[in-house]
Amino acid sequence: MKRVCILLVLAISVMISPQVRAEGPQVVVISSAQLALIRANCTSVRSSLQRLHANDALARVNLGREYETISSKLMAPMNSRIALNKLDGVAAAKTTVELDRELATFRSSYQRYEESITKTLEIDCQERPVDFYQAIESARMYRAEVRQTVTKMSDLTKKYRAQIDAIRQSGAKKQGGVK
């Protein structure tokens, strides 16, 4: 009777306990044909990755400077002018803060991408094609992350422009005419 009771309690506790599953890194299964293809194209792929790495570094510097300039040299002074003219610029100031936050995210995302692509280029794709492939996949994911932040920053600058246009229209109405 004790055994039945213990088994019943154990069965009930298993049924009502929360379901938990553990996930680790996903295992990539690559066929021998794919491995041979990676090895055969190793030199050209590495060369393409090096060009991409150099081009992305240049693009990152240019984009970073552009958005930094937009934020510090255009948006911040415009927000000050809006405040000095006693206009409602709360939404524009919030957009500026969002852009600054996204710019910081861009920098950290790019740093992760940079580290990932550098590690990828250090892998010998002839000797370790699976590791090379996985490293490329990781770099691709980080590059997509960078792209996402660039898209968000672009959207925020467009949003800011629309907010400034609206403020300009409201300021012109207050002064009795459209400028």
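**Exercise 1.** What is the handedness of the link of Cys 42 and Cys 125? Work it out from the predicted model, and state where the two residues lie.

*Solution.*
1. Begin with the count: the structure holds one disulfide.
2. Identify the partners. Cys 42 and Cys 125 have their sulfur atoms 1.6 Å apart, and a pair of cysteine sulfur atoms within 2.5 Å is taken as a disulfide.
3. Read the angle about the S-S bond, which is 70°; the link is right-handed.
4. Place the partners. Cys 42 belongs to helix H3, while Cys 125 is in the loop between H4 and helix H5 (129-174), so the disulfide ties together parts 83 residues apart in sequence.
5. Check accessibility: both Cys 42 and Cys 125 are buried.

**Exercise 2.** Is Asp 56 buried or exposed, and which residues is Asp 56 in contact with, leaving aside neighbours within four places in sequence?

*Solution.*
1. Locate the residue: Asp 56 is part of helix H3.
2. Compare its accessibility with the cut-off. Buried means under 20% relative accessible area; Asp 56 has 10% and therefore counts as buried.
3. List the contacts. With neighbours within four places in sequence set aside, Asp 56 touches Tyr 110, Tyr 113 and Arg 143.

**Exercise 3.** Where does Lys 86 lie, and what is its phi?

*Solution.*
1. Find the segment: Lys 86 sits in the loop between helix H3 (42-84) and helix H4 (90-122).
2. Read the backbone angle. Phi of Lys 86 is positive, about 55°, although the residue is not a glycine.
3. Assess accessibility. The relative accessible area of Lys 86 is 70%, so the residue is exposed, the cut-off being over 50%.

Key:
Residues numbered from 1 in each chain as written. Predicted model: local features only at pLDDT ≥ 70, side-chain atom pairs only at ≥ 80, totals over all residues. Heavy atoms only, no water. Helix = DSSP H or I, 4+ residues; strand = E, 2+ residues; numbered from the N terminus. Buried < 20%, exposed > 50% of the residue type's maximum accessible area, 1.4 Å probe, protein only. Contact = heavy atoms within 4.5 Å.
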